[in-house]
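Student: I should like to learn how to read a ligand site and the pocket around a ligand. Could we work through one example together?

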Amino acid sequence: MSSVIVRPALPTDEKHLWAMLFEASYSADQGRTSPDELRAIPALAHYVENWGVPGDLGVIAELNGELRGAAWLRLFTGDNAAYGYIDDDTPELAIGVVPGARGTGVGTLLMERLLVDARAAFKQVSLSVREENPARRLYERLGFVEISDSAHPSPTGSTSRTMLLRF
Ligand SMILES: CC(C)(COP(=O)(O)OP(=O)(O)OC[C@H]1O[C@@H](n2cnc3c(N)ncnc32)[C@H](O)[C@@H]1OP(=O)(O)O)[C@@H](O)C(=O)NCCC(=O)NCCS
């Protein structure tokens, strides 16, 4: 029986990251129909565009060569801050799993693998998560802690919080 494999995200995987950014940003709920639409939304596009620049780190989950999910992180700057920006040395993590594979452990596998790699390169990692997202439990299990007073508008118009994992 085949099982999901997790491998590094290469520059050639950028299309996979656009697809998973579509999931991570709940774009379908906002009426978007294609990951290509995200390229015109700077606040989302900067998580993925030109994937493979220094500091980028990511992992891809596949089953029989088909995309199941991705988790990745990238450094941002104060004048190009992402939703969960802390400082220029703290990368922000994003994750998405294809709808049909959720709740089967793929996200946990991706996070565990990415955080092993991140620990070797960074002192800490941040992320932004909607208040109502059950993924908060996953992040807490892995050691992320919510930053107080970090409430900010999410891409969907609800409220998100910033979480931080210190290695
Ligand atoms: C969040 C997500 C990446 C987790 O991946 P997954 O493969 O479903 O995760 P796992 O099966 O390893 O389960 C771990 C946790 O994921 C969350 N989760 C599970 N199924 C989920 C679903 N259908 N939707 C949202 N979160 C789910 C839960 O917090 C779960 O922890 P729990 O066991 O305490 O409930 C995935 O569900 C997803 O892509 N959701 C939509 C996009 C998203 O929310 N991205 C994160 C934005 S911050």
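Tutor: We shall take the pocket, then the ligand and its surroundings. Please keep in mind that this is a predicted model.

Student: Where does the ligand sit?

Tutor: Rolling a probe the size of a water molecule over the atoms shows where empty space is left. In this model, the ligand sits in the largest pocket, which holds about 850 Å³ of space.

Student: Which residues of the lining lie nearest the centre of the largest pocket?

Tutor: The lining comprises 36 residues, and Tyr26, Ile95, Asn133, Ala135 and Tyr139 lie nearest the centre. Two or more lining residues come from each of α1, β4, α3, β5 and α4. The largest share belongs to β4, with 6 residues. By character, the lining divides into 18 nonpolar, 12 polar and 6 charged residues.

Student: Which residues come nearest to the ligand itself?

Tutor: There are 22 residues around the ligand, and Gly105, Gly107, Thr108, Pro134 and Arg137 come nearest. This shell divides into 10 nonpolar, 8 polar and 4 charged residues.

Student: Which polar side-chain atoms should I inspect at the ligand's oxygen atoms?

Tutor: Begin with tyrosine 26, where an N or O atom of the side chain is 2.7 Å from an oxygen atom of the ligand. For asparagine 133, a polar side-chain atom lies 2.8 Å from a ligand oxygen. The side chain of arginine 141 likewise has an N or O atom 2.8 Å from an oxygen atom of the ligand.

Student: How much of the ligand's accessible area does the protein cover?

Tutor: On its own the ligand has 830 Å² of accessible area, and the protein covers 80% of this.

Student: Which element gives the most to the shell around the ligand?

Tutor: That element is α4, with 5 residues. The elements giving two or more residues to the shell are α1 (14-24), β4 (92-97), α3 (106-121), β5 (124-130) and α4 (135-141). Thus α4 gives the most to the shell, whereas β4 provides the largest share of the pocket lining.

Technical notes
Residues numbered from 1 in each chain as written. Predicted model: local features only at pLDDT ≥ 70, side-chain atom pairs only at ≥ 80, totals over all residues. Heavy atoms only, no water. Near = heavy atom within 4 Å. Polar contact = N/O pair within 3.5 Å; in protein donor to acceptor, adjacent residues only side chain to side chain. Areas by Shrake-Rupley, 256 points an atom, 1.4 Å probe, with all protein chains shown as cover. 1 Å grid on protein atoms, 1.4 Å probe; cavity = no way out; pocket = protein on both sides within 12 Å on 5 of 7 lines; lining within 4 Å. Sits in = over half its atoms within 2 Å of the grid points. Helix = DSSP H or I, 4+ residues; strand = E, 2+ residues; numbered from the N terminus. Nonpolar A, V, L, I, M, F, W, Y, C, P; charged D, E, K, R; others polar. Points joined across faces, edges and corners; volume = space filled by probe spheres on them.
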